[in-house]
Each structure stands twice: as C-alpha cells, then as structure tokens.
Amino acid sequence: MIRVVIVDDYDMVRRSLKWLFYRTDDIEVVAVGTNGHEALTLCQTYLPDVLIMDVEMPALNGLSATKRIRAQFATMPIILLSNFAEEIKTDDIFLAGANARLIKEGSGEEILQTIRDLVRLSNG
C-alpha cells in the first residue's frame, strides 16, 4: 500500500484527491493538511511514501516547505500541484527538491500514474 499525505489549503482539492485515492486498491491517504508547516509535521509523524502538496498556500508555501522537507527526507517523492494561472517556473519547483509538478486541472489517472511511477523509482 502506498501511503500518501495530501496538503492543500482548499478543502475541495483535499476531498477530491482523497476520493480519487479511496477508489484505488494501492493508495491510502494517511493524513491531510492545509499549509507547509503542517506538511512538515505530517511527514515527520506519518512517514508517507509520497507527499502531494499545493504550491501556493498560506503560512508556508509549497516551494519553501519542499526545501525543508527535502532536508529531512532525502528520498521521499514530493509532487507539487499548481494551477495553470500560477507563474511558478518548473525549474524553481525542481530546484526546491520536488520530483514532479502536476496541474490541478489534469486527470486523475495522471496523478495516480505519477505516484506509482515515483514510488517504483524510489524503491529501486
């Protein structure tokens, strides 16, 4: 079972992702949060296989949180979610330490496949 933490400041995004993963046989949501500070705490507490986190959040945004989380969890796959409208450079996302960037308007299948591919790569 792939253990996932979801962090996004929008309740609808969190609920939608939880529903998407609930319908799978291999992905389990172990915790949800609303900002980067919570993301760090949840990763320390639950040691997920994958972190899925929004780029733009209050208190601590996804890029800054990714840098902090990456310092503690060198191999944990981190997927950052963004809107098409956000002017976040892909280079900045990867320099922060994320493994992938997905657009929120993308398909559920794309999210599922990215998670599975990243976990497979991290497990060698």
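**Figure 1. Strand 3, helix 3 and strand 4 form a right-handed β-α-β unit.** The model shown here and in the other views is predicted. Strand 3 and strand 4 run parallel and are joined by four bridges. Within this pairing, Ile52 has Ile79 of strand 4 as its bridge partner, and Asp54 is matched with Leu81 of strand 4. Strand 3 covers residues 50-54, helix 3 covers 62-72 and strand 4 covers 78-82.

**Figure 2. Strand 4 is largely enclosed by the rest of the structure, because five of its five residues are buried.** Ile78, Leu80 and Ser82 point one way from the strand, whereas Ile79 and Leu81 point the other way. Residues on both faces are buried. Strand 4 also pairs with strand 5 (residues 100-103) in the parallel sense, over four bridges. In that pairing, the bridge partner of Leu80 in strand 5 is Arg101.

**Figure 3. Strand 1, helix 1 and strand 2 make a right-handed β-α-β unit.** Helix 1 spans residues 11-22. The two strands run parallel, with six bridges between strand 1 and strand 2. Ile2 has Ile27 as its bridge partner in strand 2.

**Figure 4. Five strands with parallel pairing build an open sheet in the order 2-1-3-4-5.** Strand 2 and strand 5 stand at the edges and have a single partner strand each, so one side of each lacks a neighbour in the sheet. From one strand to the next, the twist averages 25°. Helix 2 packs on this sheet and touches strand 1, strand 2 and strand 3. The direction of helix 2 makes about 135° with that of strand 2. Helix 5 (residues 108-122) lies across strand 1, strand 2, strand 3, strand 4 and strand 5. Relative to strand 5, helix 5 runs at about 170°.

**Figure 5. The largest nonpolar core contains 23 residues.** Val5, Val7, Leu51, Met53, Ile69, Ile78 and Leu80 are the residues with the most contacts inside this core. Two or more residues each come from strand 1 (2-7), strand 2 (27-33), helix 2 (36-46), strand 3 (50-54), helix 3 (62-72), strand 4 (78-82) and helix 4 (90-96). Helix 2 makes the greatest contribution, with four residues. A second, separate core holds 19 residues, among them Leu17, Phe21, Val50 and Val119. In soluble globular proteins, nonpolar side chains tend to be buried together.

**Figure 6. Ile69 touches residues that include Ala39, Leu40 and Cys43.** Leu51, Met53 and Ile78 are also touched by Ile69, when residues up to four places away in sequence are not counted. Ile69 is one of the residues with the most contacts inside the largest nonpolar core.

**Figure 7. Met53 lies in strand 3 and is buried, with a relative accessible area of 0%.** Not counting residues up to four places away in sequence, Met53 touches Val7, Ala39, Gly62, Ala65, Thr66 and Ile69. Its contacts also include Ile78, Ile79, Leu80 and Leu81. Met53 and Ala65 are separated by twelve residues in sequence, and their C-alpha atoms are 9.1 Å apart in space.

**Figure 8. Val4 is placed in strand 1 and counts as buried, at 0% relative accessibility.** With residues up to four places away in sequence not counted, Val4 touches Phe21, Ile27, Glu28, Val29, Val30 and Ala31. Pro48, Val50 and Ile52 are also in contact with Val4. Val4 and Ile79 are 75 residues apart in sequence, and their C-alpha to C-alpha separation is 11 Å.

**Figure 9. Trp19 and Tyr22 form a stacked pair, because their ring centres are 5.5 Å apart and their planes lie at 25°, under the 30 degrees required for stacking.** The structure holds one aromatic pair. Both residues belong to helix 1, where Trp19 and Tyr22 are three residues apart, about one turn of the helix. Trp19 and Tyr22 are both exposed. A pair of aromatic rings is described by the distance of the centres and the angle of the planes.

How values were computed: Residues numbered from 1 in each chain as written. Predicted model: local features only at pLDDT ≥ 70, side-chain atom pairs only at ≥ 80, totals over all residues. Heavy atoms only, no water. Core = buried A, V, L, I, M, F, W, Y, C linked by side-chain atoms within 4.5 Å. Buried < 20%, exposed > 50% of the residue type's maximum accessible area, 1.4 Å probe, protein only. Contact = heavy atoms within 4.5 Å. Pairing = 2+ DSSP bridges. Right-handed = clockwise from strand over helix to strand, strands pointing away. Phe/Tyr/Trp six-rings, centres within 6.5 Å; stacked < 30°, edge-to-face > 60°. Axes fitted to C-alpha atoms, helices over the stretch in contact; angles between N-to-C directions.
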